[in-house]
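Biologist: Before we discuss any details, could you put the model up so that we can go through it together?

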Amino acid sequence: MTPASIDDFRELARRRLPRFLFEYIDGGSYAEETLRANGEDLQRLKLRQRVMRDVTDISLATTLLGQPVSMPVALAPIGLAGLYARRGEVQAARAAHMAGIPFILSSSACCGIEEVAGGSPVPPILQLYMIKDRPFMADLLARTAALGVETLVLTVDLIVHSPRRRDVRSSLTGQQGLAARLQRGLEIARHPAWAWDVGINGRPHTLGNFAPRMPEGAGLAQFTAWVGRNFDASITWSDLDWLRQHWRGRLAIKGILDAADARDACTAGAETIIVSNHGGRQLDGAPSAIAALPAVVTAVGSRADVLMDGGIRSGVDILRAIACGARGVLLGRGWAFALAAQGGAGVTRMLELMRHELAVAMALTGQRDVAGVTADVLAAGQPAG
Ligand code: FNR
């Protein structure tokens, strides 16, 4: 199949990956209500078709996270992407660079910040979880700044891990006895192309950013256990003072859904707010990102840029998010599926699809400049308009 959409890449990824990895990417928390709402609420937003408006020249260029971009898209931080394709984060960072958009490296990535910065002409943006071990964090921030990284994304909606039922069923988490190991081994044996590309040639399977804290030869299970133990559930806005002392660059805060929190994030000095429910992977029953977006945009005003992620699967979705006040969007599963399906070339193709779809949606709504899109492109009577 030649993939013509993110859904097609999802299907190719489903075929290529061992089931426990596909479910890890695809799934959400609890009963996945918020995961579903992310997509459904976007699709409910209808656009206003306009005609006879000379749309020969369309500009998708804007600025995002402090840098010029060729379209209003960034690749969201996704943990463990080095398990979806060989050294996956490096491949994705290159694809993002070639497309002229930012790559945000997850702190829980397989490839560490040094490897990704060394593998692409520009260093990535680093996403950080607040870790109890502050000397380690200070060291990571210093390593990051030394590589020329200018922006940090602090994710604040994962201070505890949410129940992910699919991961238990697929034996990725939950009881780890012989049966679970056999179930995973069988899945790997059923996917020899993945086993060769990633299982054998994609080593080491660790979390590179945390390597300095781990004993030599530690495996992925030890890394994830250490990170799991070290998530800091005690953080409050006052901890940002500590962060600010150790990070002089730009700061984005990811995982805001509430207008009051958005105001606090601005007061704490965030230059960018990312409206997100972690792709429906944390608080189930929380509103979809697109539903939460307009109130955050109003609360923030001109104090910060507002981006959003969650459920974006097409260029039309990107336009919908911008119409609701986002400066741009992050793609999460979209690039994870494309990477799993076809490596970095898949991420490049997926981004070309998004670019084309967005440009066409702009033309058909009579828009020439993405930076000038407003709620005017929404059909009358839309809740977010
Ligand atoms: C994520 N997300 C995420 N966010 C983050 O800040 N750090 C991380 O390490 C991860 N890891 C991660 C892994 C996987 C498999 C997924 C699907 C998501 C959340 C991610 O950055 C983003 O908010 C959502 O993926 C956006 O929703 P969509 O685009 O996947 O619908």
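Modeller: This is a predicted model, and a good place to begin is helix 14, whose buried residues are Gly315, Asp317, Ile318, Leu319, Arg320, Ala321, Ile322 and Ala323.

Biologist: How many of the nine residues of helix 14 are buried, and what follows for its place in the structure?

Modeller: Helix 14 covers residues 315–323, and the buried set includes charged names such as Asp317 and Arg320 alongside Ile318 and Leu319. Because so much of this element is buried, helix 14 is largely enclosed by the rest of the structure, the count being eight of the nine.

Biologist: Which elements are included in what covers those buried residues of helix 14?

Modeller: The cover includes both helices and strands. Among the strands are strand 3 (73–75), strand 9 (305–309) and strand 10 (328–331). The helices included are helix 3 (33–44), helix 13 (289–300) and helix 15.

Biologist: Which residues touch the most other members of the largest nonpolar core, and which helix gives the most to this core?

Modeller: The largest nonpolar core has 111 residues, and those that touch the most other members are Tyr84, Met308, Trp335 and Leu351. The element that gives the most to this core, with 14 residues, spans residues 333–364 and is helix 15.

Biologist: Leaving out residues up to four places away in sequence, what does methionine 308 touch?

Modeller: Methionine 308 touches Ala321, which is one of the buried residues of helix 14. Its other partners, with sequence neighbours up to four places away not counted, are Val275, Ala289, Ile290, Leu293, Ala326, Gly328, Val329 and Leu330.

Biologist: Which aromatic residues are linked into a cluster by ring pairs?

Modeller: The structure holds six aromatic pairs. Ring pairs build a cluster from Phe136, Phe210 and Trp226.

Biologist: Over which ring does the charged end of arginine 281 sit, and how far from its centre?

Modeller: There are two such placements to describe, and in one of them the charged end of arginine 134 lies over the ring of tryptophan 242, 5.5 Å from its centre. For arginine 281, the ring is that of tyrosine 24, and the distance to its centre is 4.9 Å.

Biologist: What radius of gyration does the protein chain have, and what would a compact globule have?

Modeller: The chain has 15 helices and ten strands, and 56% of its 385 residues count as buried. A compact globule with 385 residues would have a radius of gyration near 21 Å, which agrees with the value for the protein chain, 20 Å.

Key. Residues are numbered from 1 along each chain as its sequence is written. This is a predicted model: local features need pLDDT of at least 70, side-chain atom pairs count only at pLDDT 80 or more; totals for chains, interfaces and linings use all residues. Side-chain values use heavy atoms; hydrogens and water are left out. Rings of Phe, Tyr and Trp (its six-membered ring) pair if their centres lie within 6.5 Å; planes under 30 degrees apart count as stacked, over 60 as edge-to-face and the rest as tilted. A charge sits over a ring if NZ of Lys or CZ of Arg is within 6 Å of the ring centre and within 35 degrees of the ring normal. A nonpolar core is a set of buried Ala, Val, Leu, Ile, Met, Phe, Trp, Tyr and Cys residues joined through side-chain atoms within 4.5 Å. Buried means under 20% relative accessible area, exposed over 50%, partly exposed in between (1.4 Å probe, protein chains only). Helices (H or I, at least four residues) and strands (E, at least two) are DSSP runs, numbered from the N terminus. Contact means heavy atoms within 4.5 Å. The radius of gyration is taken over C-alpha atoms; the globule rule is 2.2 Å times the number of residues to the power 0.38.
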